[in-house]
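Please open the model in your viewer, switch to a cartoon view, and keep the selection tool at hand. The tour below moves from one selection to the next.

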Amino acid sequence: MSLPPLLAGRLALPMIAAPLFIISNPDLVIAQCCAGVVGSFPALNARPASALEDWLERIRDGLAAHDARHPDRPAAPFAVNQIVHRSNDRLSHDLELCVKYRVPLVITSLGAREEVNQAVHGYGGIVLHDIINDRFAHKAIEKGADGLIAVAAGAGGHAGALSPFALVREIRAWFDGPIALSGAIATGDAVLAAQAIGADLAYVGSAFIATEEAQASAAYKQAIVDGAAEDIVYTNLFTGVHGNYLKPSIRAAGLDPEALPQSDPSRMNFASDSKKAWKDIWGSGQGIGAVREVVPAAALIARLAREYRAARARLLALPSLDTRD
């Protein structure tokens, strides 16, 4: 297992805060990075497209100001998520800005594109590609991705259906590069568990919806606080790709979450139409039962760090089960 050199000594917790469509914004990213985890946002969140440069400048300047104040505790790097599916007509524009601002980490989704990887590598950046199975993992690495985000069952938004134990093990059988694991991770114990099964980093998303900096409605944040794993439904109806969503938001839209029809995957459109789907039908992972209140992002990360340290201490204190001596 390995971490990219750019993360060495920069993390308070082995974690990437996942890019949340519509919800992630510069304030949230800066708070995440300053608290010691990789913060990220989807490029498509910056609307109109011209706003992306402003966002990148704000994040760059915000992190530089933090580093000047805390030279002994520099901020973690940030990441930009690029949807590389053919429906994203902003990809070329947004990628050019990532190159201009030398974005440290680029997270690619919904299709592996060799030319995207080459553009990021051209300035020394790192590409992590999210996948839901071993076949897609092979394709991503073959096309030049530096690492993988294994999106397992229970992850928020577009998610896979495989157990994290099975998915990480299949990838580790042939790949020793960076892996981040996504899927119902909302506690420090789960962050440690991700490492225990072979991942380098945890990929945490839904818990950040219920933070003060998140660009989500008060009702959405409260639904995360009130929700539990049983409140999540897995469907491809809304974007053509299977994902996890909050049942209350589906009911509010006049639909029965227990009897949703299947969608035609050819209707995928992540540049425009799906914005309404994510705004009205709320994405969420199964880990939200651990979210008890709306807090600043730094407070959430501090809680995860405390739990992570406590979980490590418990493991070290466990007696050996080997009775052969």
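The expected span of a helix is 1.5 Å times one less than its number of residues. With that in mind, and remembering throughout that this is a predicted model, begin by selecting helix 11, which has 21 residues and reaches 30 Å from its first C-alpha to its last, close to the 30 Å expected at 1.5 Å a residue.

**Helix 11 and its surroundings**

Show the side chains of helix 11 and pick out Ala-297, Leu-300, Ile-301, Arg-303, Leu-304, Ala-305, Tyr-308 and Ala-311, which are buried. In an α-helix there are 3.6 residues a turn, so residues three or four places apart point the same way. Now add strand 1, helix 1 (26-34) and helix 7 (188-196) to the selection, since these are the elements against which the buried residues of helix 11 pack.

**The cores**

Which residues have the most contacts inside the largest nonpolar core? Select Met-15, Leu-56, Phe-78, Ile-171, Leu-181 and Phe-208, which hold that place in a core of 82 residues. Helix 11 (residues 297-317), where the tour began, gives the most to this core, with 7 residues. Centre the view on Leu-56 and, leaving out residues up to four places away in sequence, you will find that Leu-56 touches Phe-41, Phe-78, Val-80, Leu-97, Cys-98, Tyr-101 and Val-103. Apart from the largest core lies another, of 16 residues, and its members include Ala-79, Leu-105, Ile-107 and Ile-126.

**The parallel sheet**

Next, colour the open sheet of 8 strands, whose order is 1-9-8-6-5-4-3-2 and whose pairing is parallel. At its edges are strand 1 (15-17) and strand 2 (39-42), each of which pairs on one side only. From one strand to the next the twist averages 25°.

Zoom in on strand 4 (residues 105-109) and strand 5 (residues 126-131), which pair in the parallel sense over 4 bridges; here Ile-107 stands opposite Leu-128 in strand 5. Then move along to strand 8 (residues 179-182), both faces of which are covered: Ile-179 and Leu-181 on one side, and Ala-180 and Ser-182 on the other, are all buried. As background, the side chains of a regular strand alternate between the two faces of the sheet. Strand 8 pairs with strand 6 in the parallel sense over 4 bridges, with Ala-150 opposite Leu-181. Strand 8 is also joined to strand 9 (residues 201-204) by 3 bridges, again running parallel, and in this pair Ser-182 stands opposite Tyr-203.

**The antiparallel sheet**

Select strands 7, 11 and 10, given here in their order in an open sheet of 3 strands with antiparallel pairing. Strand 7 and strand 10 are the edge strands, each pairing on one side only. Strand 10 and strand 11 pair over 4 bridges in the antiparallel sense, and Ile-232 can be found opposite Leu-246 in strand 11.

**Three loop residues**

Stay with these strands and select Phe-238, in the loop between strand 10 (232-235) and strand 11 (243-246). Is Phe-238 buried or exposed? Its relative accessible area is 12%, so Phe-238 counts as buried. If you display C-alpha atoms, those of Phe-238 and Ser-263 are separated by 7.4 Å, although the two residues are 25 residues apart along the chain.

Continue to Ala-153, which lies in the loop between strand 6 (147-151) and strand 7 (157-158). With a relative accessible area of 31%, Ala-153 is partly exposed. Beyond its neighbours within four places in sequence, Ala-153 is in contact with Gly-160, Ala-161, Leu-162 and Gly-183.

The third loop residue is Arg-90, found between strand 3 (78-83) and helix 3 (91-100), and this arginine is buried, with a relative accessible area of 12%. Its contacts, leaving aside neighbours within four places in sequence, are with Ala-43, Leu-44, Ala-46, Arg-47, Pro-48, Ala-49 and Leu-52.

**The cysteines**

Finally, select Cys-33 and Cys-34. How many disulfides does a search of the whole structure find? The search finds 0. Cys-33 has as its nearest cysteine sulfur that of Cys-34, 6.9 Å away, and because a disulfide requires sulfur atoms within 2.5 Å, the sulfur of Cys-34 is too far from that of Cys-33 for a bond. At 0% relative accessibility, Cys-33 counts as buried.

Definitions and conventions:
Residues are numbered from 1 along each chain as its sequence is written. This is a predicted model: local features need pLDDT of at least 70, side-chain atom pairs count only at pLDDT 80 or more; totals for chains, interfaces and linings use all residues. Side-chain values use heavy atoms; hydrogens and water are left out. Two strands pair if DSSP finds at least two bridges between them. Helices (H or I, at least four residues) and strands (E, at least two) are DSSP runs, numbered from the N terminus. Axes are lines fitted to C-alpha atoms, for helices over the stretch in contact, and angles run from 0 to 180 degrees between N-to-C directions. A nonpolar core is a set of buried Ala, Val, Leu, Ile, Met, Phe, Trp, Tyr and Cys residues joined through side-chain atoms within 4.5 Å. Buried means under 20% relative accessible area, exposed over 50%, partly exposed in between (1.4 Å probe, protein chains only). Contact means heavy atoms within 4.5 Å.
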